[in-house]
Amino acid sequence: MKKILITGGAGFIGSHVVRRFLINYPQYEVVNLDALTYAGNLANLKDVENLPNYRFLKADITDAKLISQIFQAENFDAVIHLAAESHVDRSIADPNAFVITNVLGTVNLLNAAREYWKGSYHEKRFYHVSTDEVYGALGDEGMFTETTAYDPHSPYSASKASSDHFVRAYHDTYGMDCVISNCSNNYGSHHFPEKLIPLAINNIKNNKPVPVYGKGENVRDWLWVEDHARAIDVIFHGAKSGETYNIGGHNEWKNIDLIRLLCEVMDEKLNREKGESAKLITFVTDRAGHDLRYAIDSTKLQNELNWVPSLQFEEGLAKTVDWYLANEEWLMNVTSGNYQSYYETQYRER
Ligand code: NAD
Ligand code: DAU
C-alpha cells in the first residue's frame, strides 16, 4: 500500500484532492497534514473522514523539527504539497506570513524528504502544487507556457515562485523526484469567501455590496476545482521526474463580465427581478500591483497526459452557486469562524 502525504488537505483545493485520492485509490493510505489556519476547515472533508484509508495530522509545516519527526515516523511514499498562504490581498498586508509558510514551510518538507528518502529517491515523489501567478502578468495577447520566464509581482506570487525554485533545486542538486504544476484560478465548492467568486455569492445573497477592484478589466482564467484535482491525479501518476505542467481552463473572463454573469445566475436562483443583484456591484480602489491578465496554455498536459477541462464555465458557476445556497451552515460557520471548533469536537476526543 502506498502512503501519501497531502499537505493543506483541509483547504479549498486540498480537500478536493484528498477526496479524489481517497475514493479513486482505496489502496492508498492518505495522510492529510494541515495546520488548520483560518483557511483550513475539516468540515470540508466530512463526507470522507471516516474512510479507513484516511488519517488527519494537525501540524504546521513551518515547524521543521515536527515535520522531520513526522517523516521519520511515517515512511511516506510521496508528498502532494498544497499547504500555503493563498490569498494575494493578505500577502500585500502581511508578506512575512507568506515567506514563512510558502518558502520556509516548503523547504522544511523538502529537507525532511531529502533526509528520510535518501537511497530511494527513485521510488518517492515530491509533487508541488503551484500557481500561474509566478509568470507575472500578460497584456491583451499571449498565454503562459511552461517555458515562460518567472516574473512574480505580488508577495504571494513571489513566495510561490521561490518555493518552485527550491523544489527544482532539490531535484537538480540531490536527484530527488520532483514535479510541479502551475494552475490558473480555481472555482467550485468549499472555496473560502475571501476570494472573488464565493465572496460575491455571499454578498449578493446578503444584499451587501460586491467589491470590484479598479474598473473590473482584469482577466482571469477560471478552472473547475475538480478538474484541477483530476489534473493533479494524472500528473502525480504520469509525469516524469523534474517535469512541470501548466493547468488552465481555457476560460478567460474579465472580472466585471464574470460578476455580471454571476449576478444574473443569482437573480434566477433567488427569484429576484432581473438586474436586482447587479445593483450591488461597487467599484472600489484597485489592488496594488494588480496583474492585468492571466491565461494558461495547457497543451503539454493535454498532449502528454490526455487532460482537458471537463466542465463549461456557465454550468460550473451555476453548480457553485447551488452548492453555496444549499450549504448555508458551512458558509455561516466559515464567516463566523466557528469551524475552528469542528476539530476540537471531531478529533480531540478520539
Ligand atoms: P486555501 O487557502 O484554501 O488552503 C490552504 C490550506 O493550507 C489550509 O487548509 C490551511 O490550513 C493550510 N495551511 C496554511 N498554512 C499552513 C501551514 N503553515 N502548515 C500546514 N498547513 C497550512 O488554499 P487553496 O486555494 O486551496 O490553494 C491550495 C494550493 O494551491 C496553494 O499552494 C496555492 O498556492 C495553490 N493554487 C491555488 C489556486 C486557487 O485558485 N485557489 C490556483 C493555483 C494554485
Ligand atoms: O491564478 C491563480 C491564483 O488565483 C491562486 O494562485 C491564488 O491562490 C488564488 O487566490 C487566485 O488569486 P487571485 O488574486 O486571482 O484571486 P481572487 O479571487 O483574490 O481575485 C480574482 C480577481 O478578482 C482578481 O483580479 C482580483 C479581483 N477581485 C478580488 C476580490 C477578492 C475583485 O475585483 N474584488 C474582490 O473583492
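UniProt positions are given here in the numbering used for this structure, and such annotations may be inferred rather than shown by experiment. With that in mind, the unreviewed UniProt entry places the feature "domain: NAD(P)-binding" at residues 5-320. In this model, which is predicted, the end C-alpha atoms of residues 5-320 lie 28 Å apart, and the span is 40% helix and 17% strand.

A good place to enter the structure is helix 1, whose 13 residues should span 18 Å at 1.5 Å a residue, and whose end C-alpha atoms are in fact 19 Å apart, which agrees. Helix 1 is mostly covered, with 10 of its 13 residues buried; among them are Phe12, Ile13, Val17, Val18, Phe21 and Leu22, and also Arg19. The cover over the buried residues of helix 1 includes strand 1 (3-7), strand 2 (29-34), strand 3 (54-58), strand 4 (78-81) and strand 7 (185-187), together with helix 7.

Helix 1 also leads to the second largest pocket, which has a volume of about 490 Å³. This pocket is lined by 23 residues, of which Arg19, Ala43, Asn44, Lys46 and His190 are the closest to its centre. Helix 1 (12-24), helix 7 (225-238), helix 11 (328-336) and helix 12 (340-348) each supply at least two residues of this lining. By residue type, the lining of the second largest pocket divides into 7 nonpolar, 10 polar and 6 charged.

Besides this open pocket, the model holds an enclosed space, for the count comes to 1 cavity of 30 Å³ or more. The largest cavity has a volume of about 60 Å³, and the residues lining it include Val88, Ile92, Glu133, Ser154 and Arg220, as well as the run Arg287, Ala288, Gly289, His290 and Asp291. The lining of the largest cavity divides into 4 nonpolar, 3 polar and 4 charged residues.

A last stop is Phe126, which lies in strand 5 (residues 125-131). Buried means under 20% relative accessible area, and Phe126 counts as buried because its relative accessibility is 0%. Leaving aside residues up to four places away in sequence, Phe126 touches Val79, His81, Thr106, Leu109, Leu110, Ala113, Trp117, Val167, Asp177, Cys178 and Val179. Although Phe126 and Met176 are 50 residues apart along the chain, their C-alpha atoms are separated by 7.7 Å.

Notes:
Residues numbered from 1 in each chain as written. Chains lettered and ligands numbered in written order. Predicted model: local features only at pLDDT ≥ 70, side-chain atom pairs only at ≥ 80, totals over all residues. Heavy atoms only, no water. 1 Å grid on protein atoms, 1.4 Å probe; cavity = no way out; pocket = protein on both sides within 12 Å on 5 of 7 lines; lining within 4 Å. Points joined across faces, edges and corners; volume = space filled by probe spheres on them. Helix = DSSP H or I, 4+ residues; strand = E, 2+ residues; numbered from the N terminus. Nonpolar A, V, L, I, M, F, W, Y, C, P; charged D, E, K, R; others polar. Expected span 1.5 Å × (residues − 1). Buried < 20%, exposed > 50% of the residue type's maximum accessible area, 1.4 Å probe, protein only. Contact = heavy atoms within 4.5 Å.
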